[in-house]
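Trainee: I would like to learn how to read a protein model with some care. Could we take it feature by feature, with the general idea before the case?

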Amino acid sequence: MPSIPSDRLRTDIQPPPEAFPNAPRSNQLNRIRAVREQQGVSLRTASRRLGLEMAEVRRQQEETADLTLSQLGRWCEVLDVPVADLLVDPSEPLSRPIRERAQMIRLMKTAAAMLEQAENVAVQRMARTLVDQLIGMMPELQEVGPWHSVGQRRSMEEYGRTAENSMPDNFFNGR
């Protein structure tokens, strides 16, 4: 086989990112978005738990965001994962315990939704049994609610943006 002269070799050619989906891109620093999505935590929930505006949460979860240790620590608390799972590791996309926990959360959300929407007594009993068994396996699942069918459910203590930014009574009167 003939050899190619070194001055004719192209070193600037890179394989497309999809060729190696688990390999980090050269400028990738964190996996916050992937972990957040796998944990079933919405942007709104993360924003509320972090006490940050949605735009800042979006910025911080970008793979190229260079976060401080304290910011990473807050994300660890919000997502209930060790810091190692938020940092890029070329060997595995997410640790096994985190993947399994995310699967359990999704299963609990489905079981809770079945229980909430069941009209048949037998289906309600089956869903209640499933929810109780899941909580028995993983007690922290008791805090997990059903999938939202429309929008986000809020408690009576929570207020939307409209309550924070009220308009004066004469706003719609002719200007």
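**Reading a helical model**

Mentor: Let us begin with a single pair of side chains: that of Arg36 makes a polar contact with that of Gln61, at 2.7 Å. Please keep in mind throughout that this is a predicted model.

Trainee: Where does Arg36 lie, and is Arg36 buried or exposed?

Mentor: Arg36 lies in helix α1, and Arg36 counts as buried because its relative accessible area is 7%, where the cut-off for buried is under 20%. Not counting residues up to four places away in sequence, Arg36 touches Val41, Ser42, Leu43, Ala46, Gln61, Trp75 and Leu79.

Trainee: Before we go on, how should I read the confidence of the model, and in which helix is it lowest?

Mentor: Start with the average and then look at the parts. The mean pLDDT of the protein is 76, and 66% of the residues score at least 70. Among the parts, confidence is highest in α3, at 93, and lowest in helix α7 (residues 161–164), where the mean is 53. There is also a stretch, residues 8–24, over which pLDDT stays under 50, and for this stretch the model has eight contacts beyond four places in sequence.

Trainee: How many helices and how many strands does the protein have?

Mentor: The protein has seven helices and zero strands, so the order of elements from the N terminus is simply α-α-α-α-α-α-α. Of its 175 residues, 26% count as buried. Among contacts with a separation of 6 or more, 62% join residues that are 24 or more positions apart.

Trainee: Which residues of α4 are buried, and where around the helix do they sit?

Mentor: For a helix, ask both which residues are buried and in which directions they point. In α4 (residues 69–79), the buried residues are Leu72, Trp75, Cys76, Val78 and Leu79. They lie on the same side of α4 because they cover an arc of only 165 degrees around the axis. On the face turned away from that buried side are the exposed residues Leu69, Ser70 and Glu77.

Trainee: What covers the buried residues of α4?

Mentor: The cover includes α1 (32–39), α2 (43–50), α3 (54–60) and α5 (96–117). A good residue to follow here is Trp75, which, leaving aside its neighbours within four places in sequence, is in contact with Ile32, Arg36, Ala46, Leu50, Val57, Gln60, Gln61, Leu67, Asp80 and Leu86. You will recognise Arg36 and Gln61, the two partners of the polar contact with which we began.

Trainee: How many residues does the largest nonpolar core have?

Mentor: The largest nonpolar core has 17 residues, and those with the most contacts inside it are Ile32, Trp75, Leu79 and Leu86. The elements that each give two or more residues to this core are α1, α2 and α4, and the largest share, five residues, comes from α4. There is also a second, separate core of ten residues, which includes Ile105, Val131, Met138 and Leu141.

Trainee: I have read that the sign of a backbone angle can be informative, so what is phi of Asp80?

Mentor: The general idea is that most residues other than glycine have a negative phi. Asp80, which comes just after α4, has a positive phi near 55 degrees although it is a residue other than glycine. Asp80 is found in the loop between α4 and α5, and it counts as partly exposed because its relative accessible area is 46%.

Trainee: Where does Leu87 lie, and which residues does Leu87 touch?

Mentor: Leu87 lies in the loop between α4 and α5. With a relative accessible area of 34%, Leu87 is partly exposed. Apart from residues up to four places away in sequence, Leu87 touches Leu29, Arg31 and Leu72. The first two names invite a comparison of sequence with space: Leu87 and Leu29 are 58 residues apart along the chain, while their C-alpha atoms are separated by 6.4 Å.

Trainee: And is Ile98, as a residue of helix α5, buried or exposed?

Mentor: Ile98 counts as buried, because its relative accessibility is 6%. Leaving aside neighbours within four places in sequence, Ile98 is in contact with Gln39, Val81, Pro82 and Asp85. Take Gln39 among these partners: Ile98 and Gln39 are 59 residues apart in sequence, and 8.0 Å apart in space from C-alpha to C-alpha.

Notes: Residues numbered from 1 in each chain as written. Predicted model: local features only at pLDDT ≥ 70, side-chain atom pairs only at ≥ 80, totals over all residues. Heavy atoms only, no water. Buried < 20%, exposed > 50% of the residue type's maximum accessible area, 1.4 Å probe, protein only. Helix = DSSP H or I, 4+ residues; strand = E, 2+ residues; numbered from the N terminus. Arc of directions from axis to C-beta. Contact = heavy atoms within 4.5 Å. pLDDT = per-residue confidence, 0-100. Core = buried A, V, L, I, M, F, W, Y, C linked by side-chain atoms within 4.5 Å. Polar contact = N/O pair within 3.5 Å; in protein donor to acceptor, adjacent residues only side chain to side chain.
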